[in-house]
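Hi,

Here is the structure I promised to pass on. Have a look at it first, and my notes follow underneath.

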Amino acid sequence: MITVILSGGNGSRLWPLSRGQYPKQFLSLLNDKTLLQETLLRLDTKATGSIVVCNEAHRFIVAEQLAQIDVTADSILLEPFGRNTSPAVALTAMMLLEQGRDETLVVLPADHFIQDKTRFHQALAIAEQVAEQGQLVLFGIKADKPETGFGYIKCHPTTDKASPALNVEQFIEKPDAITAQSFIEQGNYYWNSGMFVFKCSSYLDELLQYAPAIYEACKQTLQASQYKDQFLYIDAKTFAQCPDDSIDYSVMEKTQKAMLVPLDSGWNDIGAWNSLWEISDKDKQGNVSYGDVILKDSKNNLAFSSKRLVTLLGVENLLVVETPDAVLVAHRDNAQSIKELVTQLKLAKRPESETNSLVYRPWGCYETIDYGNRFQVKRITVNPGATLSLQMHHHRAEHWVIVTGTALITCDDKEFILSENQSTYIPITSIHRLSNPGHIPLEVIEIQSGSYLGEDDIQRFEDRYGRLNVVSATKEKLVNER
């Protein structure tokens with residue numbers, strides 16, 4: 001089997017911790033592993049193989065998080081933009097068939113929580129047997145409360161004692177509370193987990209029959225895409241013509257081959273802050289707290305602190321989430337509506353919907369500490385052996401102060417080493433680069449000053465991560481002019 005990890009979600013209901021450029025699958029919410037890492041570790045991907053589908057902007061985050069747990073993906077498919085789960089899986093299946101591999105795919109979202117791995121593996125073994133017979137299998141969670149945030153699946157009771165797999169009778173969209181309660185009382189309804197098992201050929205055959213536009217668009221996209229090293233760079237022009245649709249809508253709700261395997265393993269999609277509250281350890285008053293939090297006379301709250309002290313006094317059923325640049329206060333009953341709040345932020349063009357003060361780059365990360373008129377202060381962390389691009393700024397100068405580690409600095413025709421407590425000045429239009437030749441992370445305080453401090457004031461001349469926007473000849477011309 002091949003594990004296919006879908007890592008394209010935004011996780012907007014977990015705002016402000018989850019952002020467009022660093023969504024929830026890359027966060028460590030429950031332990032020291034991120035949700036993406038937990039998903040990969042749930043299966044022995046070293047034995048079965050794994051493929052990750054993610055946004056092209058997250059390429060280096062995915063590669064870094066896989067390296068941290070010593071996992072090497074067979075392939076990483078880079079989407080220029082999202083087109084939902086159906087095209088993502090179709091491209092994966094087509095790529096494997098093109099390699100002569102009609103594999104059984106285990107399709108898993110990158111942001112789910114499963115408590116009991118043993119039961120998950122038992123259900124997976126059943127699903128594999130059913131999928132080998134040409135069926136399309138999905139995992140269903142027995143609905144035990146009137147949850148309005150999930151889609152439901154109605155199933156026929158099984159008559160086959162040899163297999164607990166159930167025939168799917170009907171898919172139901174997220175219901176209202178009264179309808180959801182009726183489903184619980186009837187007893188033959190399951191929550192749709194969004195996890196699937198099927199052979200490449202089985203899925204593509206059904207996709208061609210029920211969603212030919214997606215099939216043909218993905219076929220053309222794969223032909224136009226480029227495969228380099230382990231990355232498939234999906235062609236944006238042809239992919240833009242592909243309909244935006246999920247596996248459920250395009251195939252599972254229409255096919256006659258849909259089967260459901262019940263999964264009782266402590267599953268949670270962590271789709272909202274309330275979900276995190278449900279699966280987290282609570283104090284005697286039902287409170288869940290992360291970080292520097294103090295509570296008094298408060299019940300059934302979730303409080304999250306990333307840096308500052310958060311205190312709750314005499315309140316119940318609240319979500320309080322603190323990040324360096326945004327604070328959320330909401331009633332727990334409104335957890336699902338946070339997505340609408342994020343949409344409002346996007347319409348207002350607020351950067352907090354997409355980015356936060358901590359920004360990840362292929363070489364490490366930087367955090368904005370302070371800013372004002374004509375100045376900005378950042379804390380830069382460069383991973384061991386990593387290097388920033390050779391670059392130039394037209395509108396700002398920079399002062400670098402080394403806090404920890406060793407820095408190899410290039411500034412025009414000079415190259416020199418700086419260590420802790422030493423500093424240097426990078427004038428406007430100087431061609432410069434910062435590298436970490438050491439074995440520990442390099443931390444630098446960067447003070448920018450100038451008339452424009454935007455991140456787009458960067459001209460790159462050399463970059464090991466493929467982010468060039470200026471040819472080398474331009475670099476030589478600029479050096480000669482100076």
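On confidence: this is a predicted model, and the mean pLDDT of the chain is 90, with 95% of the residues at 70 or more. Which elements sit at the two ends of the confidence scale? Strand 17 (residues 310–313) has the highest mean pLDDT of the elements, 98, while helix 13 (residues 472–481) has the lowest, 38. Over residues 470–482 the pLDDT stays under 50, and the model has 17 contacts beyond four places in sequence for that stretch.

Now the overall picture. The chain contains 13 helices and 30 strands. Its radius of gyration is 25 Å, close to the 23 Å that the globule rule gives for 482 residues, so the chain is as compact as a globular protein of that length. The C-alpha trace spans about 80 × 60 × 40 Å along the principal axes. Of the 482 residues, 51% are buried. If you take the contacts between residues at least 6 apart in sequence, 68% of them join residues at least 24 apart.

Next, the sheets. One open sheet has six strands in the order 20-21-22-29-24-27, and the pairing is antiparallel. Strand 20 (358–361) and strand 27 (423–426) are at its edges with a single partner strand each, so one side of each has no neighbour in the sheet. On average, neighbouring strands here are turned by 25 degrees against each other, ignoring direction. To see one of the pairings up close, go to strand 24 (residues 396–404), which pairs with strand 27 in the antiparallel sense over four bridges. There you'll find Val401 opposite Ser423 of strand 27.

Another open sheet has four strands, ordered 14-16-18-19, and in this one the pairing is mixed. Its edge strands are strand 14 (288–290) and strand 19, each of which pairs on one side only. Neighbouring strands in this sheet are turned by 5 degrees against each other on average, again with direction ignored. For a parallel pair, look at strand 16 (residues 302–305) and strand 18, which are joined over four bridges. In that pair, Ala303 stands opposite Val320 of strand 18.

Strand 8 (residues 166–172) is worth a stop too. Strand 8 pairs with strand 7 (residues 152–155) in the antiparallel sense over four bridges, and Val168 in strand 8 stands opposite Cys155. Strand 8 also pairs with strand 12 (residues 258–262), antiparallel as well, over two bridges. Asn167 has Met259 in strand 12 as its bridge partner.

On to the helices, starting with helix 12 (residues 338–347). Ile338, Val342 and Leu345 are buried there. Why do these three count as being on the same side of helix 12? Because they cover an arc of only 55 degrees around the axis. The face turned away from that buried side carries the exposed residues Glu340, Gln344 and Leu347. As for what the buried residues of helix 12 pack against, the partners are helix 11 (273–279), strand 18 (318–323) and strand 19 (326–331). Two of those partners, strand 18 and strand 19, you have already met in the four-stranded sheet. Just after helix 12 comes Lys349, with a positive phi of about 60 degrees.

Helix 3 (residues 59–68) has Arg59, Ile61, Val62, Gln65 and Leu66 as its buried residues. They pack against helix 1 (35–41), strand 2 (50–55), strand 3 (75–79), strand 11 (231–233) and strand 20. Strand 20 is one of the edge strands of the six-stranded sheet. After helix 3 comes Asp70, whose phi is positive, near 60 degrees.

Finally, a single residue to click on: Cys242, in the loop between helix 9 (236–239) and helix 10 (247–252). Is Cys242 buried or exposed? With a relative accessible area of 4%, Cys242 is buried. Leaving aside neighbours within four places in sequence, Cys242 is in contact with Arg83, Pro87, Ile214, Ala217 and Cys218. The C-alpha atoms of Cys242 and Tyr215 are 8.6 Å apart, although 27 residues separate the two along the chain.

That's the tour. Shout if anything is unclear.

Cheers

Technical notes
Residues are numbered from 1 along each chain as its sequence is written. This is a predicted model: local features need pLDDT of at least 70, side-chain atom pairs count only at pLDDT 80 or more; totals for chains, interfaces and linings use all residues. Side-chain values use heavy atoms; hydrogens and water are left out. Buried means under 20% relative accessible area, exposed over 50%, partly exposed in between (1.4 Å probe, protein chains only). The arc is that of the directions from the helix axis to the C-beta atoms. Contact means heavy atoms within 4.5 Å. pLDDT is the predictor's confidence in each residue, from 0 to 100. Two strands pair if DSSP finds at least two bridges between them. Axes are lines fitted to C-alpha atoms, for helices over the stretch in contact, and angles run from 0 to 180 degrees between N-to-C directions. The radius of gyration is taken over C-alpha atoms; the globule rule is 2.2 Å times the number of residues to the power 0.38.
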